[in-house]
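Reader: Before I rely on the descriptive words in an annotation, I would like to see each of them set against its cut-off. Could you take me through them?

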Amino acid sequence: MKTPLEQTTPLSSLVKGMIRVNHAGEFSAKRIYEGQLSMLQDPHSRALVQHMAAQEAVHLEKFSELCDKHHVPPTKLLPLWDTISYGLGVVSGALGPKAAMACTMAVEEVIETHYENQIKRLQDIQPSYEQTLQNTIGDCLADERDHHNLAKDENAEDLLGFSFLKKSLQVALKVAIGLSERT
Ligand SMILES: [Fe+2]
Ligand SMILES: [Fe+2]
């Protein structure tokens, strides 16, 4: 028979993994937009990216608070994600507004599914299990959906090579998510 500690450990590591990967994701989102803003010139695109970057900063703050509350250290891979995300932002921003928006569309599509799955997993344990975490994920999810729609409305899909870029980014992102959950 399992001790109470043994029974709670898998759930607690599930929650910690969720917080760790979400913190890494929101940190990376903020860095992508900072990279884009270092290159984008067009005032309209800059305003949109600044708006999304401000929301990502709030998301990051919320997950930083949850890291503190649950004693979750950030992923060890954070310096790597920092460089890659900022670099991705610089490159997509240098290619122009459509490439920047294509990057957002590709990323948010994966993040939406990621957040939906997390909420489902928590609710499967118990409808109100880790309610604060559920609420935080839900709030972020609503914003990520807005970002996705905003990028779509900016005709991101018209970018030459959009499908290839989207698929490549999404494969890389899924690998990054898997790694950040564990380390
Ligand atoms: Fe976010
Ligand atoms: Fe976002």
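Author: What follows takes up some helix packings, a core and one residue in turn. This is a predicted model, in which local features need pLDDT of at least 70 and side-chain atom pairs count only at pLDDT 80 or more, while totals for chains, interfaces and linings use all residues. Residues are numbered from 1 along each chain as its sequence is written, and chains are lettered from A and ligands numbered from 1 in the order in which they are written.

Reader: Why are helix 4 and helix 5 called roughly antiparallel?

Author: Helices here are DSSP runs of H or I with at least four residues, numbered from the N terminus. Helix 4 and helix 5 pack at an angle of about 155°, their axes being 8 Å apart; the axes are lines fitted to C-alpha atoms over the stretch in contact, and angles run from 0 to 180 degrees between N-to-C directions. Angles under 35 degrees count as roughly parallel, over 145 as roughly antiparallel, 65 to 115 as roughly perpendicular and the rest as oblique, and therefore this pair of helices, 4 and 5, is roughly antiparallel.

Reader: What makes helix 3 oblique to helix 4?

Author: The angle between helix 3 and helix 4 is about 140°, with the axes 6 Å apart, so helix 3 falls in the oblique class relative to helix 4. Their contact (C-beta atoms, placed from the backbone, within 7 Å) is made by L88, S92 and G93 of helix 3 together with A99, A100 and C103 of helix 4.

Reader: What is meant by the largest nonpolar core, and which residues have the most contacts inside it?

Author: A nonpolar core is a set of buried Ala, Val, Leu, Ile, Met, Phe, Trp, Tyr and Cys residues joined through C-beta atoms within 7 Å. The largest one has 37 residues, and A102, C103 and L133 are those with the most contacts inside it. Helix 4 gives the largest share, twelve residues. Leaving aside residues up to four places away in sequence, A102 touches A156, L159, F162, L165 and K166.

Reader: How do you know whether D82 is buried, exposed or partly exposed?

Author: A residue is buried if 20 or more other C-beta atoms, placed from the backbone, lie within 10 Å of its own, exposed if 12 or fewer, and partly exposed in between. D82, which lies in helix 3, has 15 other C-beta atoms within 10 Å and is therefore partly exposed. D82 and K30 are 52 residues apart in sequence, yet 9.5 Å apart in space, C-alpha to C-alpha.

Conventions: Helix = DSSP H or I, 4+ residues; strand = E, 2+ residues; numbered from the N terminus. Contact = placed C-beta atoms within 7 Å.
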